[in-house]
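User: I would like to go through this model with you, starting from one pairing in the sheet and working outwards to the helices and the aromatic rings. Please reason briefly before each answer.
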Amino acid sequence: MASSITTLCNILGIDRVNMDGKMILIKEEHGTNANFLVNAVVSHALKKMDTAICLVLCHNTFGHYHNIGMRFGYNLLDLKEKNRVTVIEPMKIITNDIIDMCKNITNKMETIIPDVTSAEHIDVAYKLFTYVKEKYDEAAKFTKSVVLIIDDINHFFDLGLDVCDIMYFMKYLRSFLALHPSSQLCILIHVFREDLQTSNADIITNALKHSAHLCVTTQPFKTGYSTDSSGKLIVYWKTDSIRSKFHWIEKMTYLFKLSDWQVKIGTSGEEYVL
């Protein structure tokens with residue numbers, strides 16, 4: 001499985017491009033699972049001894065990533081204890097906020113859910129950003145090179161945020177990361193096959209594409225399920241100078257097949273590479 005991830009990193013190009021200050025946008029179209037791409041980013045980052053990771057997990061849990069990491073030969077729980085990996089799980093925070101509210105013991109300094117009746121109301125997007133910044137700063141104590149990963153930003157809608165809130169969150173985050181040139185940002189977003197003009201997830205995705213250096217998309221087959229492949233993988237480096245340096249075409253398309261223990265990548269009409 002480790003060799004699969006190594007080859008996947010090579011296909012994405014993140015093992016050759018200096019990723020400092022770069023943003024990766026992973027677009028997971030409905031009917032596919034792009035989590036293997038996040039695992040590739042995590043695995044590649046941990047190969048560098050001077051890199052830390054800050055995980056913002058809205059979809060998969062930390063336990064999920066820990067179990068995957070054990071297959072790759074690294075222990076995320078151990079790395080978390082050493083502050084090389086920091087974690088924030090907004091869904092768990094919201095759950096605890098609701099439980100505390102029901103018990104009338106809410107700590108207004110720690111809850112994400114705002115008190116709309118308070119004159120000191122702080123918007124949810126900024127409050128969420130402060131949580132992320134806090135965990136980022138913890139990782140930055142280990143090393144200045146921090147990879148910030150958000151899985152999956154589409155769940156911010158489940159937290160009660162709207163399109164405007166998420167764009168404000170991204171504005172806060174991008175302004176903060178601009179002060180840390182050694183940082184990297186990876187965002188996964190799940191999108192549905194809806195009207196691109198009305199789907200909130202698509203609106204956010206299209207906006208994030210303008211900031212991303214690398215856009216990676218997993219697509220299901222239009223014809224439906226296939227026993228041979230799980231879907232299409234489209235790799236698009238938006239920076240002309242990078243494509244020119246490595247002689248990459250504008251968009252590279254592969255087929256991928258997911259199984260419990262590995263991911264296989266190939267091109268249409270060819271045998272799988274792995």
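User: Which residue of strand 8 is the bridge partner of Lys232?

Analyst: This is a predicted model, and the pairing asked about belongs to strand 7 (residues 231–237) and strand 8 (residues 252–258), which run antiparallel and are joined by five bridges. Within strand 8, the residue that bridges to Lys232 is Leu255.

User: Which strands stand at the edges of the sheet?

Analyst: The sheet is open, with nine strands in the order 3-2-4-5-1-6-7-8-9 and mixed pairing. Each edge strand has a single partner strand, so one of its sides is left without a neighbour in the sheet. On average, neighbouring strands here are turned by 20° against each other, direction ignored. The strands at the edges are strand 3 (85–88) and strand 9 (263–266).

User: At about what angle does helix 6 run to strand 3?

Analyst: Helix 3 (residues 62–72) lies across strand 2 (51–57), strand 3 and strand 4 (145–151), and runs at about 140° to strand 2. Helix 6 (residues 124–140) also lies across strand 2, strand 3 and strand 4. For helix 6 the angle is given against strand 3, and the value is about 170°.

User: How far does helix 6 reach from its first C-alpha to its last?

Analyst: Helix 6 has 17 residues, for which 24 Å is expected at 1.5 Å a residue. Among the buried residues of this helix are Val124, Leu128, Phe129, Val132 and Tyr136. The reach of helix 6 is close to the expected value, at 24 Å.

User: Is the pair formed by Tyr136 and Phe176 stacked or edge-to-face?

Analyst: Tyr136 lies in helix 6 and Phe176 in helix 7 (residues 163–177), so the pair ties together parts that are 40 residues apart in sequence. Tyr136 is buried at a relative accessible area of 1%, and Phe176 is buried as well, at 9%. Ring pairs link these two residues with Tyr126, Phe129, Tyr168 and Tyr172 into a cluster. The ring centres of Tyr136 and Phe176 are 5.2 Å apart and their planes stand at 85°, so the pair is edge-to-face.

User: What is the angle between the ring planes of Phe36 and Phe256?

Analyst: The count of aromatic pairs in the model comes to 11, and the one formed by Phe36 and Phe256 is tilted, with 5.0 Å from centre to centre. Phe36 lies in helix 2 (residues 35–46) and Phe256 in strand 8, so this pair ties together parts that are 220 residues apart in sequence. Phe36 counts as buried at 8% relative accessibility, as does Phe256 at 0%. The angle between their planes is 35°.

User: Which lysine lies over the face of Tyr236?

Analyst: One charged end placed over a ring is that of Lys80, which sits over Phe62 at 4.9 Å from the ring centre. Over the face of Tyr236, at 5.3 Å from the ring centre, lies Lys251.

User: Is Gln184 buried or exposed?

Analyst: Gln184 lies in strand 5 (residues 184–191). Leaving aside residues up to four places away in sequence, Gln184 touches Met19, Asp20, Lys22, Val146, Val147 and Leu148. The relative accessible area of Gln184 is 12%, and the cut-off for this class is under 20%. Gln184 is therefore classed as buried.

Methods. Residues are numbered from 1 along each chain as its sequence is written. This is a predicted model: local features need pLDDT of at least 70, side-chain atom pairs count only at pLDDT 80 or more; totals for chains, interfaces and linings use all residues. Side-chain values use heavy atoms; hydrogens and water are left out. Two strands pair if DSSP finds at least two bridges between them. Helices (H or I, at least four residues) and strands (E, at least two) are DSSP runs, numbered from the N terminus. Axes are lines fitted to C-alpha atoms, for helices over the stretch in contact, and angles run from 0 to 180 degrees between N-to-C directions. Contact means heavy atoms within 4.5 Å. Rings of Phe, Tyr and Trp (its six-membered ring) pair if their centres lie within 6.5 Å; planes under 30 degrees apart count as stacked, over 60 as edge-to-face and the rest as tilted. Buried means under 20% relative accessible area, exposed over 50%, partly exposed in between (1.4 Å probe, protein chains only). A charge sits over a ring if NZ of Lys or CZ of Arg is within 6 Å of the ring centre and within 35 degrees of the ring normal. The expected span of a helix is 1.5 Å times one less than its number of residues.
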